[in-house]
Amino acid sequence: MPFDAIVVGTGFGGTIAAVQLVAQGKKVLLLERGTFWRSFDPIALNKGDPFGDWTAQNNMPVQYWPRPDHRKGLHDFLAALRNLHKEGLYQYSLFHQADVLTASGVGGGSLIYSNVTIRPKDGALQRIGLNLGDAEYAAARLWMEGPHGDRKSANRGWLNYVVTKIPMGKDMTEQDFVQFGVDPNDPTKDTDGSYILLDRSRVLRAAARDVSTKLGVKMDWAPLELSIFEYDAHRGADSDSVPAHTHCERQGRCMLGCLPQARHTLNKTLFKKVLQHPGVTLIPKAKVLQLEQKPGGYDVIFEDDFTGQGTRREFAPAVFLAGGVLGTTEILLRSAREKRLPLSAALGSKFSTNGDFGAFAYKTTNHADGRPLPVYSTRGPINTSHVTMNFNGRFIKIEDCAIPAMFAEFVSKGLELMDDAGASPNFFNLIQAAWQSNLLENVVGLPDTRDPKSFQTEAEMLADTFFFNVMSQDDATGKLTLGGIDGNQIDLGWEQPVAQQTLWQDIETLLREFSSAMGGRYLALPGWQGLLGNKKLVITHPLGGCPIGGTHENGVIDEFGQVFDASQAADSKAVLNGLYVVDGSAIPGALAANPSLTIAAQALKSVTHALAP
Ligand SMILES: Cc1cc2nc3c(=O)[nH]c(=O)nc-3n(C[C@H](O)[C@H](O)[C@H](O)COP(=O)(O)OP(=O)(O)OC[C@H]3O[C@@H](n4cnc5c(N)ncnc54)[C@H](O)[C@@H]3O)c2cc1C
Ligand code: SF4
């Protein structure tokens, strides 16, 4: 079947492109390297499962999330690592100075993201020259939130606050709210004394107040907007894709598959709006290698593990690249090296860490006023609230972060070891600490009846551990190139060690203050402590690689995602007709915020421009 367009990748950018193309009646081929991932939910299945029926009828590869909420789930999680298994869900890419975590599957990053759907500060957009404003973000919110997107109305869309221990549903009376110490018009305005806020949200808010006063820096705490269904008794069976019973149960495992399916993942959107359309073909397990310019369009060259046809080509007059920062940049780097496309020398540049930084406050104790400050990190959505500030001239955002129960024992033991090993742990004193702490006995042995800790539940193991999830503004000086053993895989590097950027010192200064306000000790991630060599970052929000620019001298694409034709003069704005980049690789620097809404806004802008009459 001749296609009007080929979409590479099915994450945020890819789903937006596919939905818009299908809405205009285009014939579309979707190529996705991963498989379907679903939650095994017997209740939903008993109610009928059209999505499951469709995947079965079309012989689609489907895998299920790790199920157990206890420590044995760690084994299932490791089995889903793409590094160990080509069809895995989590792609953990190891580079010299930083590791990058991304997803592989129908729905892309939405499968493993923690649902945070927020707009960055305007100043952050201006700093990187990203031309997105109210209109673009309103369109993106509508797209993400669905047609019932009024949070205050009975017909709420996907965006909700989840900062309370139980849903503050619409069927609760005003008296119920008041009894819980919550302002009925704004559940975020309770007092620290109220027990209704999730502990992590409350602890972060209390710490922000203390640190703000101490440092004299304005810090705003607020609940995060999450693409999660909250309980709403007035909600009828009007939902776009899920039955009405589905709502958040605060299981704290969003990135590991939501059992009640309360999360907005794009496989649901694709099923509802794209895949059942007769003009659409999806080939999963199809890894795109490169593109080649042909008269009137492009050949997309890919490995087809779905039908087993090996390496093959499909042609279309338009191609929308949405393989994510690493995927899209790798495809274009290969295409440029083989001289199949005339691409800008800026390809691979402006890689940004988005200022991603993770660390712990360990053994949190009491609030300054003496009240206990339990954190209970296993409970509630992965991120619930955030503190934003301008610190030393940069935006910094600190979010609370859950630690799923299945990681509880591993994390609590690891932190105990790092803490025991002292201020500058290395690999050898960690081993020594492990020996001294009877780690093996604790993991494989019977409970020690003399030690109450042997009987701890996963929630108790992390009751006094707070996990910080930070984003900020780096200099976007990372460079993506082709490397690896065969010189054909994506590689990431910096001319100056990225760990030396002053940004990280500022972040650590703040996190030390927050840890101390929580009565805990600051502990960085093991990679940042240099346990296995040089200091390493872990990046979950990579950006850039195919940055927007004015011409091909300083960018790979224009502001509408059109790829510059680098065979033209340096100041030319000529583009390769029909070739678009519509994912996070387009964003030319740090956002200091979770990026999916911005990626969606930019992708919508590009696809709307591409489809304009
Ligand atoms: C643990 C975690 C939590 C996160 N939480 C949040 C959050 O709460 N809020 C937020 O805003 N952001 C979050 N993010 C970041 C967010 O997931 C990404 O920014 C977003 O998914 C990027 O969208 P994208 O369209 O650029 O690419 P992706 O969503 O990564 O999609 C790329 C798709 O292309 C496919 N692909 C790649 N290469 C190829 C190839 N060669 N051939 C075929 N297919 C290919 C991939 O399998 C994938 O499906 C999180 C990320 C992680 C890792
Ligand atoms: S906290 Fe649990 S129920 Fe709520 S969205 Fe996350 S995984 Fe689903």
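## Confidence and overall make-up

This is a predicted model, and the mean pLDDT of the protein is 87, with 83% of its residues at 70 or more. One stretch deserves some caution: across residues 236-244 the pLDDT is below 50. That stretch still has 13 contacts in the model beyond near neighbours in sequence.

The protein has 613 residues, and 50% of them are buried. Its secondary structure comes to 16 helices and 24 strands. Among contacts between residues at least 6 apart in sequence, 71% join residues at least 24 apart.

## The six-stranded sheet

Let us start with an open sheet of six strands, whose order is E8-E16-E17-E18-E15-E21 and whose pairing is antiparallel. Strand E8 (220-223) and E21 are the edge strands, each pairing on one side only. From one strand to the next, the twist averages 25 degrees. Helix H11 (residues 408-420) packs on this sheet, where it touches E15, E18 and E21. The direction of H11 makes about 105 degrees with that of E21.

Strand E15 (residues 357-362) is a good place to look more closely. How many of the six residues of E15 are buried? The count is five, so to speak of E15 as mostly covered is fair. On one side, E15 is joined to strand E18 (residues 465-471) by six bridges, and the two run antiparallel; here Phe-360 has Phe-467 of E18 as its bridge partner. E15 is also joined to strand E21 (residues 521-524), by four bridges and again antiparallel, with Ala-359 opposite Ala-524. Elsewhere in the sheet, strand E16 (residues 385-391) and strand E17 (residues 394-401) run antiparallel and share six bridges. Val-387 stands opposite Ile-398 of E17 in this pair.

## Strand E14 and its parallel partners

Strand E14 (residues 318-321) has parallel neighbours. Strand E1 (residues 5-8) pairs with E14 over four bridges in the parallel sense, and Ile-6 stands opposite Val-319 of E14. Strand E24 (residues 575-581) runs parallel to E14 too, joined by three bridges; the bridge partner of Phe-320 in E24 is Tyr-580.

Which way do the residues of E14 point? Ala-318 and Phe-320 point one way, Val-319 and Leu-321 point the other way, and all are buried. In general, side chains in a regular strand alternate between the two faces of the sheet.

## A three-stranded mixed sheet

Another open sheet has three strands in the order E5-E6-E22, with mixed pairing. Strand E5 (90-94) and strand E22 (537-539) stand at the edges with a single partner strand each, so one side of each has no neighbour in the sheet. The twist here averages 20 degrees from one strand to the next. Strand E6 (residues 98-103) pairs with E22 in the parallel sense over three bridges, and Val-100 stands opposite Ile-539 of E22.

## An enclosed helix, H9

Why can helix H9 (residues 266-275) be called largely enclosed by the rest of the structure? Seven of its 10 residues are buried, so the surrounding structure largely encloses it. The buried residues are Leu-266, Asn-267, Lys-268, Thr-269, Leu-270, Val-274 and Leu-275. They pack against H1, strand E3 (36-38), helix H3 (50-57) and strand E10 (280-283).

## Surroundings of the two ligands

Ligand 1 is surrounded by 39 residues, and the closest are Gly-9, Gly-11, Gly-108, Gly-109 and Gly-327. Several elements give two or more residues to this shell: helix H1 (12-23), E6, strand E11 (286-294), helix H10 (324-337) and helix H16 (596-611). H1 therefore appears twice in this account, as one of the elements packed against by the buried residues of H9 and as one of those giving residues to the shell around ligand 1. By residue type, the shell of ligand 1 divides into 14 nonpolar, 21 polar and four charged.

Ligand 2 has 13 residues around it. Which of them are the closest? They are Cys-248, Gln-251, Cys-254, Cys-258 and Pro-381. The shell around ligand 2 divides into seven nonpolar, two polar and four charged residues.

Key. Residues numbered from 1 in each chain as written. Chains lettered and ligands numbered in written order. Predicted model: local features only at pLDDT ≥ 70, side-chain atom pairs only at ≥ 80, totals over all residues. Near = placed C-beta within 6 Å. Nonpolar A, V, L, I, M, F, W, Y, C, P; charged D, E, K, R; others polar. pLDDT = per-residue confidence, 0-100. Contact = placed C-beta atoms within 7 Å. Buried ≥ 20, exposed ≤ 12 C-beta atoms within 10 Å, placed from the backbone. Pairing = 2+ DSSP bridges. Axes fitted to C-alpha atoms, helices over the stretch in contact; angles between N-to-C directions.
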